[in-house]
Structure formats: C-alpha cells, structure tokens
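User: Could you take a close look at the sheet for me, and then walk me through what sits around its strands? I'd love one connected picture rather than a list.

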Amino acid sequence: MKLQRLSLAVLLSIAAALPAAAQPYSARRNGDVVQLQDAKGRTSVSVALTVGNIAFELKVNGANVLWWPYSSVEEFAARPGLSGIPFLGPWANRLDEQAFYANGTRYAFDMALGNVRGAIPIHGFLTTNPHWQLVEAKADATSAWVTSRLDFYKQPAWMKQFPFAHTIEITHRLHDGVLEVATAIHNLSAEPMPVAIGFHPYFQLTDSPRDEWTASVGARTRWLLAPTKVPTGATQPIEQLFPDPRAIALRDYDLDDVFGDLIRDSSGRAVMAVRGKAQKLEVLLGPRWRSAVVWAPKPTAPGQDRNFICFEPMAGVTDAMNLSQKGLYQELQSIGPGGIWKESFWVRPSGF
C-alpha cells in the first residue's frame with residue numbers, strides 16, 4: 001500500500017511538472033534586467049529597466065541581432081549611450097529651433113534646465129532615464145512579455161519643457177522568434193497632444209561586415225534635408241537616391257536619411273530589411289509609424305565600430321511639429337484629451 005501511494009505521488013508530481021516543462025516561453029527578472037525566452041525559437045530578449053527601458057539584447061542561437069558595444073549591464077548603466085532599441089521622446093530626431101509648436105502655440109525650451117541641449121535639439125530627453133516602472137513580466141503558452149510605464153507628468157523638469165501630461169507604456173513581446181515593441185501613450189492633458197516620438201534601433205548581422213550587406217527600404221519618398229539634417233519640406237522619389245530600393249548595396253552609401261509615404265502590405269505594415277550572407281533581419285512598421293529614418297554611417301576613423309544599420313520608426317518625419325506649423329507637413333498625429341495612441345513595430349530575424 002505504501003508503494004502504491006508512493007507511486008501515485010510520483011506520478012502526480014510528474015504530471016504537474018509536465019505543463020511547466022512544456023512551456024516554451026518564460027519571463028524572468030534579475031535585478032534591473034528582465035529576460036524573455038522563446039525556447040523553441042532559441043531566441044531571448046533582455047531589457048534594462050533602469051537604463052531607459054532599453055532592449056539591449058535580441059539573441060538568436062546566441063548571436064545578438066542588436067548592436068550593443070558594452071561588455072556588461074553595469075558598464076552600460078555607468079555610461080549609457082544610444083544602442084540596442086532606445087525610445088526617443090517627447091520628440092524623435094531633430095527640431096529646427098529651441099522650441100516646438102503644438103495647437104498653434106510656440107513652446108520655448110528653458111535651456112538652463114540642461115535636459116535640452118544644442119541649437120538643434122535632438123532625440124528629446126527620455127532615452128536613458130531611470131524612471132521606468134515595471135508593470136508586469138509574464139509568459140503564457142504563446143508568448144513572453146514585459147510591460148513598463150513612464151509617468152511623464154510626475155517630472156517637473158520634463159513638464160517644463162513639454163507641458164502635456166501623459167504616460168507611456170512599452171511592451172516588449174517575444175512570440176515565435178519575433179520581437180514586438182508596442183507603445184501606448186495616454187494623454188492626460190486638457191488639450192490635444194502632438195505625437196512626434198520614435199525609436200532608434202541599432203541592428204547588426206554577424207555573418208558579414210556592413211559593406212557586404214544589402215538593404216531594402218519600403219518607402220516611396222525621400223525628404224530633402226538642410227545642412228542641419230532638418231527637412232526642408234521638399235521631397236523626391238526614393239529612386240533618385242536608390243535605383244532599386246529593394247537592393248541597396250550599403251558599401252555605396254553613407255546614410256542618414258528621412259523617408260515617408262511608406263509602402264504598406266495588406267495588414268498596413270511597411271517593411272525595412274537588411275541581408276548578409278545567410279542572415280536577414282526585417283523591421284515591420286505598423287500604420288501609425290508614418291516615417292522612417294535610415295542611419296547607416298560609414299566609419300570616420302580607423303577601427304571605429306559602425307557595423308550596424310538603424311531603421312528608425314517615427315510617428316512623423318524629423319521636425320514634424322514645427323514643419324506642421326509651417327504648413328510643410330500634413331501628417332502630424334495628435335491625441336485628444338483623455339485619448340490613447342497605440343502602435344507596434346516588429347523585428348523578425350532569420351538565418352541566424
């Protein structure tokens with residue numbers, strides 16, 4: 001009887017353990033880092049919560065798809081810089097002056113605060129901030145995800161520069177070897193809030209150097225830039241820069257360009273891609289990402305590591321708020337009082 005009871009207990013124990021063992025996804029927190037795991041796809045994502053909520057690793061079979069020139073999370077936290085998948089807000093890329101326009105009003109920056117710098121302010125001031133709060137890190141039978149929230153309205157120095165109370169939630173979700181980055185902005189203000197955010201992802205292939213990569217840009221239009229890298233308002237067909245936008249030999253280009261009129265598939269997504277010898281990486285942009293910057297600079301000094309390409313999802317073109325005020329841009333998005341703006345982009349590696 002004891003043997004029978006023991007055998008039954010063992011069988012029940014094994015049965016209880018089977019669902020966990022079969023679970024293909026997991027989400028684990030280790031200090032200030034959350035790691036998502038897709039065991040079947042041999043893919044993992046690591047997010048540094050207190051360094052701008054930046055995803056710094058997207059590993060496929062041990063190869064990091066993201067360019068991240070640090071040896072440890074501690075080194076990254078000590079001297080954070082643009083790498084991985086950083087968020088840019090409350091505006092992405094450049095403004096043409098130390099001010100922005102919203103709802104017909106000019107809002108000048110208080111440059112003495114120090115969080116906005118330069119005659120041409122760039123990338124907002126949220127990129128590596130430590131104020132993101134973990135909402136949840138979970139997994140089920142279909143995906144693993146981590147959601148974090150930034151309460152913008154709680155920071156007086158931020159509100160002084162961009163006086164629209166709002167919260168931002170970002171969910172990194174891993175499903176079937178694909179990373180989805182979903183953003184939700186809740187406008188808590190009494191006035192419409194302009195949306196000029198973006199991301200600045202750094203991608204790399206590990207089977208070949210940059211000058212052997214071939215890129216594809218799913219857009220019809222290139223915005224012409226002033227020497228300050230701010231759009232002039234003029235555009236041209238993309239073919240005037242790339243004879244074949246689906247087969248761009250990176251060795252021939254030093255890119256820092258703004259593209260619009262994105263080419264959409266039946267689901268409304270635009271696709272940017274880069275290929276090496278066998279590896280391929282695609283970035284799919286949801287319909288509310290209206291523009292993309294492609295940055296693939298050549299090295300300017302011997303030994304400089306620029307083995308990356310950035311496909312940057314943008315809610316609007318560079319300087320969208322100010323160009324809209326001048327009547328040079330017609331696609332500026334805004335969120336009504338109490339409203340929510342949501343959109344995703346996806347990173348799909350293959351051949352790794």
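Analyst: Happy to. Two strands count as paired if DSSP finds at least two bridges between them. With that in mind, and remembering that this is a predicted model, let's start with one pair: E11 and strand E12 (residues 178-187) run antiparallel and are joined by 10 bridges. To place one of these on your screen, find Glu-169, whose bridge partner in E12 is Ala-184. In general, strands of a sheet pair through backbone hydrogen bonds, in either a parallel or an antiparallel way.

Now zoom out to the whole sheet. It is open and has nine strands, in the order E9-E10-E11-E12-E25-E21-E20-E15-E18, with antiparallel pairing. The edges belong to strand E9 (133-139) and strand E18 (248-249); each has a single partner strand, so one side of each is left without a neighbour in the sheet.

Next, follow the chain between two of these strands. Phe-152 lies in the loop between strand E10 (144-151) and helix H3 (156-161), while Phe-162 lies in the loop between H3 and strand E11 (166-175), 10 residues apart. Their rings form an edge-to-face aromatic pair, 6.1 Å centre to centre with 80° between the planes. Phe-152 counts as buried because its relative accessible area is 0%, and Phe-162 is buried as well, at 0% relative accessibility. Both phenylalanines belong to one aromatic cluster, together with Trp-91, Phe-100, Tyr-107, Phe-109, Phe-125, Trp-158 and Phe-164.

Two of those cluster names return when you turn to the open spaces. The largest pocket, with a volume of about 190 Å³, has Trp-91 and Phe-125 in its lining, along with others including Asn-115, Arg-117 and His-123. By class, that lining has six nonpolar, four polar and one charged residues.

The second largest pocket brings us back to the sheet. About 160 Å³ of space lies in it, and the elements that give two or more residues to its lining are strand E15 (214-217), strand E20 (270-275) and strand E21 (280-285). E20 gives the most, with four residues. Among the lining residues are Val-271, Met-272, Arg-275, Lys-280 and Glu-282. Overall, this lining divides into six nonpolar, two polar and four charged residues.

One last contact to look up: the charged end of Arg-269 sits over the ring of Trp-346, 3.6 Å from the ring centre.

How values were computed
Residues numbered from 1 in each chain as written. Predicted model: local features only at pLDDT ≥ 70, side-chain atom pairs only at ≥ 80, totals over all residues. Heavy atoms only, no water. Phe/Tyr/Trp six-rings, centres within 6.5 Å; stacked < 30°, edge-to-face > 60°. Buried < 20%, exposed > 50% of the residue type's maximum accessible area, 1.4 Å probe, protein only. Lys NZ or Arg CZ within 6 Å of the ring centre and 35° of its normal. 1 Å grid on protein atoms, 1.4 Å probe; cavity = no way out; pocket = protein on both sides within 12 Å on 5 of 7 lines; lining within 4 Å. Points joined across faces, edges and corners; volume = space filled by probe spheres on them. Nonpolar A, V, L, I, M, F, W, Y, C, P; charged D, E, K, R; others polar.
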